[in-house]
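Biologist: I would like a close look at one small part of the protein surface, and at what surrounds that part. Please take your time, and say plainly where the description comes from.

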Amino acid sequence: MSESTGAEHAPIEHSDLNQSKEKLRSYLNHKMRIYCEDGRQFTGLFKCIDAYQNVILSDTTESRQGMLPQRAPRVAS
């Protein structure tokens with residue numbers, strides 16, 4: 001007999017997944033601001049979410065509360 005840990009998730013319905021994907025697509029290339037728990041803010045253009053659910057922004061600036069925005073360093077490709 002197994003015990004419930006509360007970590008089980010209900011299966012995602014196919015239509016719910018499609019709606020979620022369409023919602024994300026509607027944000028493509030829109031300016032977005034991400035707030036981090038440590039006080040940092042990232043502002044840039046939404047490009048995608050990777051396989052680990054990280055948000056990918058381009059042309060991004062980083063700022064902290066009470067500080068002027070700074071351009072995030074470019075990653076060489």
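Biologist: What relative accessibility does V55 have, and what does V55 count as on that basis?

Modeller: Please keep in mind throughout that this is a predicted model. V55 has a relative accessibility of 39%, and counts as partly exposed, because the partly exposed class runs between the 20% limit for buried residues and the 50% limit for exposed ones. The residue belongs to strand β3, which covers residues 55-64, and this strand is one of four in a protein that also has one helix. Along the sequence, these elements come in the order α-β-β-β-β. Of the 77 residues in the protein, 12% are buried.

V55 does not stand alone at the surface, for together with L24, Y27 and I49 it forms a nonpolar patch. The four residues share about 300 Å² of accessible area. A residue needs over 30% relative accessible area to enter such a patch, and V55, at 39%, meets that condition.

Two members of the patch, L24 and I49, lead on to another feature, since both are among the residues that line the second largest pocket. The rest of that lining consists of L17, S20, K21, R25, L28, F46, K47, C48 and Q53, and the pocket itself has a volume of about 220 Å³. Two elements each give two or more residues to the lining, namely helix α1 (14-26) and strand β2 (40-49). Helix α1 makes the greatest contribution, with five residues. Sorted by class, the lining comprises six nonpolar residues, two polar residues and three charged residues.

On the strand side of the pocket lining, two residues of β2 can be compared by their exposure. F46, which is placed in strand β2, is buried, its relative accessibility being 2%. C48 also has its place in strand β2, but is partly exposed, with a relative accessible area of 33%. Each of these residues has a partner that is distant in sequence. The C-alpha atom of C48 lies 7.2 Å from that of L28, although 20 residues separate the two along the chain, and both C48 and L28 are lining residues of the pocket. For F46 the partner is M32, 14 residues away along the chain, with 6.2 Å between the C-alpha atoms.

On the helix side, R25 deserves attention, as it is part of the pocket lining and also takes part in a salt bridge with E22, in which the closest N and O atoms are 2.7 Å apart. Side chains of opposite charge can pair when their charged atoms come close. Both partners sit in helix α1, three residues apart, or about one turn of the helix. Neither is buried: R25 is partly exposed, at 48% relative accessible area, and E22 is likewise partly exposed, at 49%.

The structure holds two salt bridges, and the other one joins the side chains of D38 and R40, with a distance of 2.8 Å from N to O. Here D38 is partly exposed, with a relative accessible area of 45%, and R40 is partly exposed as well, with 24%.

Two points of backbone geometry complete the surroundings. N29, which lies in the loop between α1 and β1 (31-35), has a positive phi of about 65° despite not being a glycine, and N29 is partly exposed, with a relative accessible area of 47%. D59, which is found in strand β3, the strand that also holds V55, has a positive phi near 45°, again in a residue other than glycine. D59 is partly exposed, at 44% relative accessible area. Its C-alpha atom lies 6.4 Å from that of L45, a residue 14 positions away in sequence.

To return to your question, V55 is a partly exposed residue of strand β3. It shares a nonpolar surface patch with L24, Y27 and I49, and through L24 and I49 that patch has residues in common with the lining of the second largest pocket.

Definitions and conventions:
Residues numbered from 1 in each chain as written. Predicted model: local features only at pLDDT ≥ 70, side-chain atom pairs only at ≥ 80, totals over all residues. Heavy atoms only, no water. 1 Å grid on protein atoms, 1.4 Å probe; cavity = no way out; pocket = protein on both sides within 12 Å on 5 of 7 lines; lining within 4 Å. Points joined across faces, edges and corners; volume = space filled by probe spheres on them. Nonpolar A, V, L, I, M, F, W, Y, C, P; charged D, E, K, R; others polar. Buried < 20%, exposed > 50% of the residue type's maximum accessible area, 1.4 Å probe, protein only. Patch = residues over 30% accessible without salt bridge, like charges linked within 9 Å, V, L, I, M, F, W, Y side chains within 5 Å. Areas by Shrake-Rupley, 256 points an atom, 1.4 Å probe, with all protein chains shown as cover.
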